[in-house]
Amino acid sequence: MFDRLKEAGLAEEINVEDYYKRYGPMVMRRCRRLLRDEELAQDAMQDTFVNLLKKKSQLKHRGPSSLLYRIATNVCLNKIRSMKRRPEDTDSALLARIASLEEPESPSIARLILIKLFGREPASTGTIAVLHLVDGLTLEQTAREVGFSVSGVRRRIRQLRVKLALMEGDAS
Amino acid sequence: MNDEQRIPDFFTEQDALGELPLDCDPAICTRLETEPQRSARLAELQDSNRRILADYPPEQMALEIKNRAERVIKKSRQQMALRLALAGIPAMILLVLAAIFLAPAIFDTGKPEETVLPPEITRVKGPARLFMHRKLATGDKQLKSGSPARPGDLIQISYLAGDANHGVIFSVDGRGQVSLHFPADESGSTTLEKKGLINLDFSYELDDAPDFERFFVVSSEDPIDVRKVLEAARNLGTELGTKISLPPGLQYKEFVLNKKQDQ
C-alpha cells in the first residue's frame with residue numbers, strides 16, 4: 001500500500017499518524033479560523049499534511065509547527081480564492097481580498113526546482129500578509145518567520161496595500 | 001493591527017507544542033511565560049486538541065491523508081505524462097538535452113560572469129565594501145557592480161568591514177524606493193563584524209522596479225545615525241550616478257545591479 005508515496009520518497013521519514021496526532025489540532029484550528037467552515041477546514045487540514053509530505057525536506061530547517069502553520073495559511077488562501085460566498089466579517093473580507101490578489105501556486109517544474117535549490121519554499125505575499133495583517137505578527141516577527149529581511153517584508157506589505165487600495169477603488 | 005494586548009495564535013500554538021524558536025522575539029516569549037492566564041490557555045488548547053482528535057481520529061485521518069497524497073502524485077504524474085505526450089517525443093528529447101546542457105541559462109540569461117567566489121579575506125584597509133552573489137542552480141554566483149539582474153533574483157548581500165567599525169547597508173531602486181538591509185531597523189546597532197566576508201542573514205529578492213537597484217554601504221569608525229543616512233538616501237532620486245550627500249565622517253561604497261525586465 002502507498003507504493004507511490006514510498007517510490008516518491010515522501011512517506012518513509014514522516015509517520016503521518018504521529019504528525020497528525022501532534023500537529024493536527026493546531027492545523028485544524030488554523031484552518032477553522034481562516035475558513036470559518038468546518039467541512040472546508042477539514043479538507044484544508046488534510047491538504048496541509050499532503051503538502052507537508054511534499055515539503056518534508058524543509059522540516060530540517062525549521063520546526064514542524066512553523067512550517068505547518070505557513071502551509072495551512074497558504075492552503076486556506078487557495079480555498080478562499082475559490083469560494084463564492086460573501087465574507088461574513090472584517091477578517092474574512094480582508095482574507096478574501098488578499099487571496100484574490102495572487103494566482104494559485106502551480107506545481108510547475110520550475111517551482112519545484114526553485115524549492116530544491118533554496119532549501120525552503122519562499123513564502124507567498126499572501127502568507128506574509130495574513131501573518132502580519134490578520135494574525136498580528138509584527139514586521140520583525142513576520143520577517144523572522146518567513147526568512148525575509150524586515151525591509152523585504154515591509155516592501156511586500158506596502159505593495160499589497162497599494163493593490164488592495166486600487167481594488168477598493170475599482171469596487172467603489 | 002498589531003494589538004499589544006493580544007499574543008498572536010501562532011505563538012500560543014508554538015508555546016503549547018514547546019516549539020518556540022531559540023531566537024524567539026523576547027517581547028513575545030517574556031509575555032508568554034509571565035502572563036497569568038498561561039496555564040488556563042494551555043489547558044484550553046489541550047482540551048481543544050482532545051476534542052479535535054476525537055472528532056477526527058488519527059488513524060482515519062492518516063489513512064485519508066495518505067490516500068489523498070497518492071492521488072495527488074498519481075494526478076501530477078498523469079499530467080506530466082500528458083504534457084510530454086502532447087509535446088511529442090522529439091520535443092521531449094530536446095527538453096532533456098536542454099535541461100542537461102542549458103540548465104544554468106534557465107536561471108541566468110545574463111552575460112557570463114566569473115563564478116569564482118571572493119577570496120578569503122581576513123583584513124582589508126579602507127571603508128567597508130559590498131559583495132553580491134546570485135543564488136543559482138549551480139551554486140552562488142558572484143556578481144560584479146554593473147551586472148545584469150532580473151526581478152525575482154535572490155541576492156545574497158555580503159560585506160567586508162575593512163577599517164570601519166560601523167556600517168549601514170541599504171538599496172535604492174529605480175523608483176527611488178529605499179530598503180534598509182543592515183541593521184534590521186533604524187534603531188538597530190550599526191556595529192560591523194570584522195571576521196572576513198560577512199553574509200547578511202537573509203537573501204534579498206529583487207522586485208519589478210525598473211532600471212537598477214543601487215546598493216550602498218555607508219561606514220565609519222563611530223556609530224552611525226541610520227535615520228540620517230536613510231534621509232540622504234531618499235534624496236538620491238531615480239537617476240543612476242547621483243552622489244549621496246552624507247554627514248561628515250561617513251564614507252560609502254556603491255554596488256549597482258542593472259535590472260532587465262522579463263519580456
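**Helix packing and the A–B contact**

Colleague: At what angle do helix 2 and helix 3 of chain A pack?

Modeller: In this predicted model, where local features need pLDDT of at least 70, side-chain atom pairs count only at pLDDT 80 or more and totals for chains, interfaces and linings use all residues, helix 2 covers residues 16-35 and helix 3 residues 38-54 of chain A. Residues are numbered from 1 along each chain as its sequence is written, while chains are lettered from A and ligands numbered from 1 in the order in which they are written. Helices are DSSP runs of H or I with at least four residues, numbered from the N terminus, and axes are lines fitted to C-alpha atoms over the stretch in contact, with angles from 0 to 180 degrees between N-to-C directions. With their axes 8 Å apart, these two helices of chain A pack at an angle of about 135°.

Colleague: How many nonpolar residues does the contact of helix 2 with helix 3 of chain A have?

Modeller: Residues are in contact if their C-beta atoms, placed from the backbone, lie within 7 Å, and those of helix 2 of chain A include Tyr19(A) and Met28(A). Ala, Val, Leu, Ile, Met, Phe, Trp, Tyr, Cys and Pro count as nonpolar, Asp, Glu, Lys and Arg as charged, and the others, Gly among them, as polar. Beside two polar and two charged residues, the nonpolar ones in this contact number 12.

Colleague: Which helix of chain A supplies the largest share of the side that touches chain B?

Modeller: In total, 40 residues of chain A are in contact with 44 residues of chain B. That side of chain A divides into 21 nonpolar, 12 polar and seven charged residues. The largest share, nine residues, comes from helix 2 of chain A.

Definitions and conventions: Contact = placed C-beta atoms within 7 Å.
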